[in-house]
Amino acid sequence: MRESTYSQLKDLILSGQLRPSERLSENTLAKRFGVSRTPLREALMKLEEEGLIVGQRNLGYTVTDLDVTKFCNLLVVREALDVCAAQLACEMATEEDLDRLRGVIAQMIELKETTNEAPSDAARNLDLGLYIHRVIVESTRNEALVRVTDQVYQQLRLALWLEVLWVDLEHTDLDEHRAIADAICARDREAAANAARAHVQSSLKNMSKLQRIWAHRRTVD
């Protein structure tokens with residue numbers, strides 16, 4: 001019940017049916033989905049963890065607004081972290097780590113070949129995109145880098161969701177991820193750094209497109 005409520009509510013947010021900064025009434029949502037308050041609150045907590053809504057004590061939840069400047073600043077930090085992780089992975093990754101990287105790329109290719117552009121495909125695309133970065137940073141064996149990277153990616157989650165759903169319609173991130181993975185598997189530090197940097201720069205360029213789409217959705221009923 002919680003997962004169904006969570007999926008439906010997430011679709012409403014990402015499709016723009018629940019608008020940025022809109023206050024969420026638990027009573028209204030519970031009636032809309034035909035569920036009790038318990039699974040609804042569990043779904044809301046999960047969406048808050050993903051950065052799609054914001055909870056305030058005694059005020060409830062509201063749909064997150066998109067602060068493009070904040071996300072761009074975080075992407076600058078992410079670039080430094082991703083470049084560092086890619087370079088360290090070239091040195092520290094085991095053959096098992098490299099096999100995991102190749103496996104994620106294989107799943108990305110399969111998804112691109114079979115996608116029907118359903119919301120579930122967008123979700124899967126983002127999950128794989130996040131997972132491959134997790135594999136890379138874990139292969140560095142640097143716990144501090146893993147921790148800081150997790151914190152930055154968590155704050156970027158809303159922007160990454162919307163980038164995948166609204167902007168990166170042709171799954172161009174596959175080629176970018178494959179370039180990073182190939183360089184790490186070849187243990188080419190320079191190529192890995194360049195590929196990681198180019199990947200984040202692509203997201204920075206998408207932010208201006210995302211801002212225009214977001215602004216439009218704020219003004220359209």
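Arg 187 sits in the loop between α9 and α10, where helices (H or I, at least four residues) and strands (E, at least two) are DSSP runs, numbered from the N terminus. The model is a predicted one, so to speak of local features takes a pLDDT of at least 70, side-chain atom pairs count only at pLDDT 80 or more, and totals for chains, interfaces and linings use all residues. Residues are numbered from 1 along each chain as its sequence is written, and side-chain values use heavy atoms, with hydrogens and water left out.

Back to that loop. The phi of Arg 187 is near 55°, which is a positive value in a residue other than glycine. At 33% relative accessibility, Arg 187 counts as partly exposed; buried means under 20% relative accessible area, exposed over 50%, and partly exposed in between (1.4 Å probe, protein chains only). Another arginine turns up with a positive phi: for Arg 141 the value is near 60°, again in a residue other than glycine. Arg 141 belongs to the loop between α6 (119-138) and α7 (143-155), and with a relative accessible area of 46% it is partly exposed.

Stepping back to the whole chain, there are 10 helices and three strands. Read from the N terminus on, the elements go α-β-α-α-β-β-α-α-α-α-α-α-α. The domain assignment splits the chain into domain 1 (5-63) and domain 2 (68-218), with the bounds coming from an automatic or database domain assignment. The centres of domain 1 and domain 2, taken over C-alpha atoms, are 27 Å apart.

As for overall dimensions, the C-alpha trace spans about 55 × 35 × 35 Å along its principal axes. A compact globule of 221 residues would have a radius of gyration near 17 Å, and the 18 Å of the chain agrees with that. The radius is taken over C-alpha atoms, and the globule rule is 2.2 Å times the number of residues to the power 0.38. Of the 221 residues, 45% count as buried. The chain exposes about 11,400 Å², and carbon and sulfur atoms supply 49% of this area; accessible areas come from the Shrake-Rupley method with a 1.4 Å probe, and for residues only the protein chains shown count as cover. Among contacts (heavy atoms within 4.5 Å) with a separation of 6 or more, 79% come from residues 24 or more positions apart.

Now to the strands. The three of them form an open sheet in the order β1-β3-β2, with antiparallel pairing. β1 (23-24) and β2 (53-56) stand at the edges with a single partner strand each, so one side of each has no neighbour in the sheet. Two strands pair if DSSP finds at least two bridges between them. For β1 and β3 there are two bridges, in the antiparallel sense, and Leu 24 stands opposite Tyr 61 in β3. β2 and β3 (residues 60-63) are joined over four bridges, also antiparallel, with Val 54 placed opposite Thr 62 in β3. β2 and β3 also make a hairpin with three residues between them, and Asn 58 in the turn has a positive phi of about 70°.

On the helical side, α9 (residues 173-185) has 13 residues and reaches 18 Å from its first C-alpha to its last, close to the 18 Å expected at 1.5 Å a residue. That expected span is 1.5 Å times one less than the number of residues. The buried residues of α9 include Asp 173, Glu 176, His 177 and Ile 180.

These four residues of α9 come up again in the surroundings of His 199, a residue of helix α10. His 199 is buried, with a relative accessible area of 5%. Leaving aside neighbours within four places in sequence, His 199 is in contact with Arg 78, His 133, Asp 173, Glu 176, His 177 and Ile 180. His 199 and Asp 173 are 26 residues apart in sequence, yet 7.4 Å apart in space, C-alpha to C-alpha.

Ser 203 is also found in α10 (residues 189-219). Ser 203 is buried, with a relative accessible area of 4%. Not counting residues up to four places away in sequence, Ser 203 touches Leu 75, Arg 78 and Glu 163. Arg 78 is thus listed among the contacts of both Ser 203 and His 199.
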